[in-house]
Amino acid sequence: MSTSAHQPATDAVRTGGTVTDRLVEANRKYAAQFQDPGMDARPVLKVAVVACMDARLDLHAALGLDLGDCHTIRNAGGVVTDDVIRSLTISQRALGTRSVILVHHTGCGLETITEEFRMELEEEVGQRPAWAVEAFRDVDQDVRQSMQRVRTSPFLLHSDDIRGFVFDVTTGLLREIDPAE
């Protein structure tokens with residue numbers, strides 16, 4: 001096996017531990033030097049970022065964010081689901097955010113699967129998931145759809161500052177999506 005992003009897992013297995021053991025040990029080291037930043041749960045910049053869970057997206061670095069600046073909501077594809085609306089509603093109504101930034105990306109795994117994934121799961125485990133896969137073929141159009149879902153939610157107080165972007169995983173640049181196209 002070559003050295004790659006999988007190396008930490010390989011190291012953990014070689015030493016008799018698991019990846020989770022490695023992460024827990026990293027937390028012990030982190031906690032030994034941790035100092036309470038004295039913040040509350042309200043984001044300093046009053047912004048919530050909805051993004052894909054893809055491991056290639058370092059959102060804080062890509063957006064120049066520091067600890068405490070934003071709420072970050074991540075899922076497969078960064079799509080706006082009922083649970084994302086739930087989190088955004090709490091973020092706005094209870095914790096004071098006003099802006100929403102949506103970040104999808106190039107080369108997303110949801111572009112390679114279809115809603116058939118649910119049926120395959122049903123065949124395998126005997127039960128179809130209640131959730132939709134939210135697969136898509138056109139990342140720009142999916143960003144537009146996500147912006148529309150946020151803008152039209154009756155639960156959100158602030159829908160005037162909602163912007164959507166596609167992050168290029170090869171260049172690190174954001175490309176803004178016009179909601180009207």
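**Sheet and nonpolar cores of the predicted model**

An open sheet of five strands, with mixed pairing, has the order β2-β1-β3-β4-β5, where strands are DSSP runs of E of at least two residues and helices are runs of H or I of at least four, both numbered from the N terminus, and where two strands pair if DSSP finds at least two bridges between them. The model is predicted, with local features requiring pLDDT of at least 70 and side-chain atom pairs counting only at pLDDT 80 or more, whereas totals for chains, interfaces and linings use all residues. Residues are numbered from 1 along each chain as its sequence is written, and side-chain values use heavy atoms, hydrogens and water being left out.

The edge strands, each pairing on one side only, are β2 (70-75) and β5 (174-177). The antiparallel strands β4 and β5 are joined by four bridges, and Phe165 has Glu176 of β5 as its bridge partner.

The largest nonpolar core (buried Ala, Val, Leu, Ile, Met, Phe, Trp, Tyr and Cys residues joined through side-chain atoms within 4.5 Å; buried means under 20% relative accessible area with a 1.4 Å probe, protein chains only) has 23 residues, of which Val50, Leu88, Val100, Leu102 and Val150 touch the most other members. At least two residues of this core are supplied by each of β1 (47-52), α4 (82-93), β3 (99-105), α6 (139-151) and β4 (162-167), and the largest share, four residues, comes from α6. Apart from this core lies another, of nine residues, among them Val47, Val49, Ala51 and Leu65.

Note on methods
Buried means under 20% relative accessible area, exposed over 50%, partly exposed in between (1.4 Å probe, protein chains only).
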